[in-house]
Structures are given as C-alpha cells and as structure tokens.
Amino acid sequence: MRSSRILLITILATGGFYVAGFVALGSGYPTAESTGQEVVEWFTDNGSHARIYAWTAAFVSLGLGIFGGQVSALLPKPHRYIFFAGVLGFAITAQVQAWFWAGLALHPDGLDPAAARTIFDIPNYWGPLVNGSTTTMAIAIVALGLGATPLVPRWLMWLSAVFFVEQAIETITVFGESGFLAPDGAMNVYLGGAIGFAWTGGLVYWAMKRMDAEALKPVAADGGSAR
C-alpha cells in the first residue's frame, strides 16, 4: 500500500476517534462553569461515557504519532524536529487530559464535590495549553513557505499562518472563566477545532502529493531515488 494512502487512512481514522470521543461525552458534560456537585453527579451517571472518551484518546495519540512521523519525514532539518515536537506535545497532552476524565469516572460515588471540582479544573486547561503544541506544528510549515524558493506551496503557508495566529490568540483562554473565552469554551472547542481540521486537511493533501511524487522518481543504481 502506498505511503500516501496509509497517511490518508490514518488521519481519517484519527479524526473519527477524535470526534467519537466528544460524541461519547454528549452535550451535558461538565464545564468550567459547573459546580463541584454537578461534576460529581455527571461522573456518577456517565462514568462509561468518560471511559469511552479516554479510550478514544489512546487511538488519537496513536494516529498522531503515525501522522507526525510520516509528515515530518518529508520536511528538512530542523523543521521536521520542530513539527514532530509539536505533534508529540499534542498527543501527550491529549493523553493526560483523558487520563483525568477516566480517573474521575472510576469511583465517583466517593468524590467530595470540592475535590472533584479542583481535579476537574486540571484537564479543563487542556485547550489553552495544547495551543503551545499546535503553534509549534504550524510555525514549522510557515517557515518552509517563506523566501524566493519556498519548500511548501504558498497556499499552505498562508493556511498555516492563519492556524498559527488563531491558536496563539486562543492561549488567552487560560485567563477565561466562562462563556466563549472559558478554557473549555467555544473558542477552543469549536473555532479552534474547525480551523485545526481545515489546516490538517490541507497539510495531508500536500503531503500525499509529495509522497506520490517521491514514489514516481526513478530508483538510482545504489537503491536510492535519483535526484
């Protein structure tokens, strides 16, 4: 199977698990505005949903690792290391965030509301902190689109720049407490998510074309591709 098809299947599966995790939580999951008692009640009634969410996060991290490895292999040094560092940070942060959700779901009946509220506040800051990883991913691609002879197409550079700026602005949600600017509010979950999906789609499209072009290059006598 071509590397480009593996990348496409991987990113589609990863996106599927990512969306499935949020679907599993439903629309009434606790937020930054929930009281400690509401947090305890939700985890008591929806523990299996939280564990499904954590389960999907494991496969999201797997997919991100494959995606990061394949795309970074197409990039020159040091950009490949910068990009992969961002992907790795995203994967680890997602794992830790889901770890807390699963932990709260294990013995919710014994949770003190104040303790539950405090513990839940920790994974709530996943959004503004993962922005450090997403901006790292984006800036590596932006840099490759600069200069007279860019290594990525200009459209991908500008798309990456938009993603970088939006994700950098999202870091202000670390100061938010409710509504759109809450750490787990619409700015992070919906606006950032939509732009992130668009950027990932554009990057994968470019990477697949690059992989197919590399595969068509004639093989040199020493076994490498002719340059």
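**Entry 1: terms and model**

I take helices as DSSP runs of H or I with at least four residues, numbered from the N terminus. The model I looked at is predicted.

**Entry 2: overall layout**

I started with the secondary structure and found 8 helices and 0 strands in the chain. Read along the sequence, the pattern is α-α-α-α-α-α-α-α. I then took the extent of the C-alpha trace, which spans about 70 × 35 × 25 Å along its principal axes.

Of the 227 residues in the chain, 43% are buried. For the exposed surface I noted about 11500 Å², with carbon and sulfur atoms supplying 68% of it. I also looked up contact ranges: among contacts between residues at least 6 apart in sequence, 70% join residues at least 24 apart.

**Entry 3: salt bridges**

I searched for salt bridges and the count came to 3.

I took Arg117 and Asp121 first; their closest N and O atoms are 2.5 Å apart. Both residues are in helix α5, and because they are 4 residues apart there, about one helical turn separates them. The general geometry fits: an α-helix has 3.6 residues a turn, so residues three or four places apart point the same way. I checked burial for each partner. Arg117 has 13% relative accessibility and counts as buried, whereas Asp121, at 29%, counts as partly exposed. The cut-off I applied is that buried means under 20% relative accessible area.

Next came Arg210 and Glu214, a salt bridge with the closest N and O atoms 3.7 Å apart. Both lie in helix α8, 4 residues apart, about one turn of the helix. Arg210 is partly exposed at 30% relative accessibility, and Glu214 is partly exposed at 22%.

The remaining bridge joins Arg2 to Asp212, with 3.8 Å between the closest N and O atoms. Arg2 sits in the segment before α1 and Asp212 in helix α8 (residues 186-216), so this pair ties together parts that are 210 residues apart in sequence. Arg2 is partly exposed at 48% relative accessibility; Asp212 is partly exposed at 25%.

**Entry 4: helix α2**

Which residues of α2 are buried? In this helix, residues 36-45, I list Gly36, Val39, Val40, Trp42 and Phe43. They lie on the same side of α2, because they cover an arc of only 165° around the axis. I then looked up what covers these buried residues, and found that the cover includes α1 (3-25), α3 (47-72), α4 (79-106) and α5 (113-124).

**Entry 5: aromatic pairs**

A search of the whole structure gave me 17 aromatic pairs. One of them is Trp42 with Trp101, edge-to-face, 5.7 Å centre to centre and 90° between the planes. Trp42 is in helix α2 and Trp101 in helix α4, so the pair ties together parts 59 residues apart in sequence. Both Trp42 and Trp101 are buried.

I also looked at Phe67 and Phe83, which form an edge-to-face pair at 6.0 Å centre to centre, with 65° between the planes. Phe67 is in helix α3 and Phe83 in helix α4, 16 residues apart, and the pair links distant parts of the chain. Phe67 and Phe83 are both buried.

Following the ring pairs, I obtained a cluster that links Tyr18, Phe22, Tyr29, Trp42, Phe43, Tyr53, Trp101, Phe120 and Phe197. Trp42 and Phe43 of this cluster are also among the buried residues of α2.

**Entry 6: nonpolar patch**

On the surface I noted a nonpolar patch of about 790 Å², made by Met1, Ile6, Ile9, Ile52, Trp55, Phe59, Leu62 and Ile66. The elements giving two or more residues to the patch are α1 and α3. Helix α3 has the largest share, 5 residues.

I checked two of the patch residues. Ile52 lies in helix α3 and counts as partly exposed at 40% relative accessibility. Phe59 is also in helix α3 and is partly exposed, with a relative accessible area of 32%. I took one distance from Phe59: its C-alpha atom is 8.7 Å from that of Ala13, a residue 46 places away along the chain.

**Entry 7: cis peptide**

Where does a cis peptide bond occur? I found that it joins Lys77 and Pro78, with omega about -5°. Pro78 is in the loop between α3 and α4.

Technical notes. Residues numbered from 1 in each chain as written. Predicted model: local features only at pLDDT ≥ 70, side-chain atom pairs only at ≥ 80, totals over all residues. Heavy atoms only, no water. Buried < 20%, exposed > 50% of the residue type's maximum accessible area, 1.4 Å probe, protein only. Arc of directions from axis to C-beta. Contact = heavy atoms within 4.5 Å. Patch = residues over 30% accessible without salt bridge, like charges linked within 9 Å, V, L, I, M, F, W, Y side chains within 5 Å. Areas by Shrake-Rupley, 256 points an atom, 1.4 Å probe, with all protein chains shown as cover. Salt bridge = Lys/Arg side-chain N within 4 Å of Asp/Glu carboxyl O. Phe/Tyr/Trp six-rings, centres within 6.5 Å; stacked < 30°, edge-to-face > 60°.
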